[in-house]
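This report examines how parts of a protein chain pack together and where empty space remains among the atoms. Please keep the structure in view while reading.

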Amino acid sequence: MIYLDNAGTTRLDDQVLDKMMPYLKEEYGNASSLHTMGQRAKEVLDDARERVARCINAKAKEIYFTSGGSESDNQAIISACRLGERKGKKHIITSKIEHHAVLHTLEKLEKQGFAVTYLDVYEDGIVKVEDLKKAIREDTCLVTIMFANNEIGTIQPITEIGKVCREKGVLFHTDAVQAVGHILVDVEKMNIDLLSMAAHKFHGPKGVGALYAKSNVLLSNLIEGGAQERGKRGGTENVAGAVGLAVALENAVADIDKVAQHEIALRDKLIKALLQIPHSALNGDKENRLPNNVNICFEGIEGESLLLLLDDAGICASSGSACTSGSLDPSHVLLAIGRPHEVAHGSLRLTLSKHTTEEEINKTIEIIPGVVELLRKMSPVWDQLQKGARKHVI
Ligand SMILES: *Cc1c(COP(=O)(O)O)cnc(C)c1O
């Protein structure tokens, strides 16, 4: 199999698993227990916290371990809104291309009387800082804008956004699940108050993540229980998971430039080759994008059919459209960058990793044009386009 779905999840590194194993086997103490085994587990947990903090230039006490990106997003947003509410501030600013962990949390808050402004991202998939400045109101309690998009890979101007938020005294959360471990993140320099990450997006284990909350930001609990995570998240600590997160993040940060160089070379080769296919277009900005992200629309085909045929050919890919539960809605991200519905349906996301080889990319480049051609031959939409009964948009 050629695995090109690394924005979905990544392969756990063997070395990360090796470092986790002792805490799943012999050293299984509960980090909240007072005996020696428990205290040993607590030391390991605190060490992992310190190491995660160092990777993003935070303090250990500002790191809370969670179950992953979604939980961190939920807790960050809800905490900021509870703080805002107390001061009568019930306005939130976000972008149109956030992950559903953010968008669905905001929808819930809208039902509770919060107002949400959704910033446009234009054709390049990037918010304009000027728009943000204009959108900030007296009652704005939170700006939540993702660091890098999971579908089209575009990177937002986080440093500038952080600066504006700090000047205006508004809390700034960023869903950095696609960024952490792939591009350098410095919460101090970037004026970030709250940040979400997930280990499985950078070769760590699934089901563990972290929420960074600046020391002056009081978190609200999503999970009530014991006094774990300084009272902010009940539940027995996932010591092995925390170690896996820390090791995977340190490895990713240590190799960040080397891996980016490797991925960018393959990414650009792939983009160049796929754009040779007639009536295809790259989604998202060419420069300001994650080193590993390729997302392309092909006119006249269905992304889902393309995925199935690629799967048969041994390529694991993803479509931009989130037709997960059989819903036919095209991706909100592709609609936000101005792709018409029918074009948004024909998109393909290929995301690379440090393990992706040139041979795999060459093979992918060989396979895709034929599959697109085959699907177009069977497509009524393509037929209409060919006969001029419908106009090409790309
Ligand atoms: C994967 C992802 C999430 C969700 O993370 P989980 O660990 O799966 O809960 C949130 N935001 C973005 C941008 C992601 O890519």
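The report treats the domains, then the internal cavities, then a pocket, and finally a pair of helices.

**Domains**

The model described here is predicted. The domain assignment divides the protein into domain 1 (14-254) and domain 2 (255-387). The C-alpha centres of domain 1 and domain 2 are 29 Å apart. Where the two domains touch, 30 residues of domain 1 are in contact with 22 residues of domain 2.

**Cavities**

Rolling a probe the size of a water molecule over the atoms shows where empty space is left. With a cut-off of 30 Å³ or more, the count comes to two cavities. The table below lists these two cavities together with the second largest pocket.

| Space | Volume | Nonpolar lining residues | Polar lining residues | Charged lining residues |
|---|---|---|---|---|
| Largest cavity | about 170 Å³ | seven residues | four residues | four residues |
| Second largest cavity | about 40 Å³ | nine residues | one residue | no residues |
| Second largest pocket | about 300 Å³ | eight residues | four residues | six residues |

The largest cavity has a volume of about 170 Å³. Its lining is made of 15 residues, of which Gly181, His203, Ala252, Val259 and Lys354 are the closest to the centre of the cavity. Two elements, α7 (239-254) and α8 (256-274), give two or more residues to this lining. The largest share, four residues, comes from α8.

Why does the largest cavity lie between domain 1 and domain 2? The reason is that both domains give residues to the lining of the largest cavity, so this cavity lies between them.

The second largest cavity is lined by Cys55, Ile56, Val180, Gly181, Ile183, Leu184, Val185, Leu249, Val253 and Ile256. By class, nine residues of this lining are nonpolar and one is polar, while none is charged. Gly181 is among the residues closest to the centre of the largest cavity, and Gly181 also belongs to the lining of the second largest cavity.

**The second largest pocket**

The second largest pocket has a volume of about 300 Å³. It is lined by 18 residues, and those closest to its centre are Leu83, Lys87, Cys141, Gly169 and Leu171. Helix α3, strand β5 (140-144) and helix α6 (158-168) each supply at least two residues of the lining. Which element gives the largest share of this lining? Helix α3 does, with four residues.

**Helices α3 and α4**

Helix α3 also takes part in a helix pair. Two packed helices are described by the angle between their axes and the distance between the axes. For helix α3 (residues 69-86) and helix α4 (residues 100-111), the axes come within 9 Å and cross at roughly 35°. The crossing of α3 with α4 is right-handed.

On the side of α3, the contact involves Ser70, Asp73, Asn74, Ile77, Ile78, Cys81 and Arg82. These residues meet Ala101, Val102, Thr105, Leu106 and Leu109 in α4. The residues of this contact comprise seven nonpolar, three polar and two charged.

Key
Residues numbered from 1 in each chain as written. Predicted model: local features only at pLDDT ≥ 70, side-chain atom pairs only at ≥ 80, totals over all residues. Heavy atoms only, no water. Axes fitted to C-alpha atoms, helices over the stretch in contact; angles between N-to-C directions. Left-handed = near helix turned anticlockwise from the far one by under 90°. Contact = heavy atoms within 4.5 Å. Nonpolar A, V, L, I, M, F, W, Y, C, P; charged D, E, K, R; others polar. 1 Å grid on protein atoms, 1.4 Å probe; cavity = no way out; pocket = protein on both sides within 12 Å on 5 of 7 lines; lining within 4 Å. Points joined across faces, edges and corners; volume = space filled by probe spheres on them. Domains from an automatic or database assignment.
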